[in-house]
Amino acid sequence: MIGFLLLKKIASMFLIIFAGFLLVKLGVVKTEDSKVISVIGLYLVTPCMVLSAFHIELTEEVRNGFFLALLASVMIYGVGILVTAVLGKPLKLESVEKAAIVYTNSGNLIIPIVMSLFGKEWVIYTTGYNILFNIFFWTHGRQVISGEKKIEWKKIVANPNFVSIFVGIFLLFTGIRMPALVMDAVDSVGAMVGPISMIITGMLIAGMDRRKIAGYKRIWIPTAMRLILVPLLTIPVLKLTGIISLSPNGETVVMIAFLAGASSTATSVVQMAQAFGSGHAADYGAAISIVTTLLCILTMPAMVTLFQLF
């Protein structure tokens, strides 16, 4: 079953995380060096992966699947935002906790998993979730963390990942193809998205004070909501609405969107908290991101298995 294959893939990715962890612990690099690698991943590797995903033939099946992925992703985000809105006051959720519950590591973790489980041609369906991530995160997410009401659309549109998605969509729907030499380079760089993100995660874990994580007594609330509650509530929404029947490959497309929605907390939450929140919010967000990343090796296969059985 997909759940077992997913477990094996996530386990192999955790070996790469351990390699990044060892690099820091052995003194080869410092945790701070991960910032440089992060910039390379953000501005080069991930955009190349997105362009590579869109470099396929536009068939009716691909077109219908892409729009289905967008629809499923809207529903998933809707569930997350609604859960934090309803339970925010009763559970006294902090701003960074709300953001950590809604926004997932849908790019760095999910793209390599989808490539491994289904193949490169299925990565295009992860872009539906990522398009909405950039829109929701820079609007709703920023407002939650910063408390500001103003939406900076320029930053949303100028985001390199968002630009690569728009370029990819243009190439897909116009049928324009980049030269083979260029695409070979793009494919090669894009293929690094999984390993580079896992190495960064390992470096961050190595530099994290485990005693500090243990000091966050509430950390299990956002962790459980991110990895268990939101995915569990999402399953019946995706299944009972009948959207899977909208496309011949609907089951797999919706499952890919669900995988993204069942992932660990996005590292972007930490970056947003650093820029617009407080020191406490950034540190707490980093702790949630690390804990959910470590635990998703168990929760994601379980959630996918329940998705298939529902």
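What follows is a walk through two helix packings and two buried residues in a predicted model.

A convenient place to begin is helix α2, which spans residues 34-54 and packs against helix α10, residues 193-207, with the two axes 10 Å apart and at an angle of about 160°. Because angles over 145 degrees count as roughly antiparallel, α2 is described as roughly antiparallel to α10. The crossing in which α2 passes α10 is left-handed. On the α2 side, the residues that take part are Ser34, Ile37, Ser38, Ile40, Gly41, Val45, Thr46 and Met49, and they meet Val193, Ile196, Ile200, Met203 and Leu204 of α10. Sorted by class, the residues of this contact between α2 and α10 comprise nine nonpolar and four polar ones, with no charged residue among them.

Helix α2 also packs with helix α8, residues 160-174, and here the axes come within 9 Å and cross at roughly 20°. Since angles under 35 degrees count as roughly parallel, α2 is taken to run roughly parallel to α8. The crossing of α2 and α8 is right-handed, whereas that of α2 and α10 is left-handed. From α2, Leu42, Tyr43, Thr46, Pro47, Val50, Leu51 and Phe54 contribute to the packing, and from α8 they are met by Pro160, Asn161, Ser164, Ile165, Val167, Gly168, Ile169 and Leu172. The contact of α2 with α8 contains eleven nonpolar and four polar residues, and again no charged ones. Thr46 of α2 appears in the contact with α10 and likewise in the contact with α8.

Attention can now turn to single residues, beginning with Ser73, which lies in helix α3, residues 60-87. Ser73 counts as buried, because its relative accessibility is 0% and the cut-off for burial is under 20%. A polar atom of the Ser73 side chain lies 2.7 Å from the backbone oxygen of Ala69. If neighbours within four places in sequence are set aside, the residues in contact with Ser73 are Gly128, Tyr129, Leu132 and Ala257.

Asn105, by contrast in setting, is found in the loop between α4 (95-102) and α5 (110-117). With a relative accessibility of 7%, Asn105 also counts as buried, because this value falls under the 20% cut-off. Once residues up to four places away in sequence are left out of the count, Asn105 touches Ile110, together with Ser263, Ser264, Thr265 and Ala266.

Methods. Residues numbered from 1 in each chain as written. Predicted model: local features only at pLDDT ≥ 70, side-chain atom pairs only at ≥ 80, totals over all residues. Heavy atoms only, no water. Axes fitted to C-alpha atoms, helices over the stretch in contact; angles between N-to-C directions. Helix = DSSP H or I, 4+ residues; strand = E, 2+ residues; numbered from the N terminus. Parallel < 35°, antiparallel > 145°, perpendicular 65-115°, else oblique. Left-handed = near helix turned anticlockwise from the far one by under 90°. Contact = heavy atoms within 4.5 Å. Nonpolar A, V, L, I, M, F, W, Y, C, P; charged D, E, K, R; others polar. Buried < 20%, exposed > 50% of the residue type's maximum accessible area, 1.4 Å probe, protein only. Polar contact = N/O pair within 3.5 Å; in protein donor to acceptor, adjacent residues only side chain to side chain.
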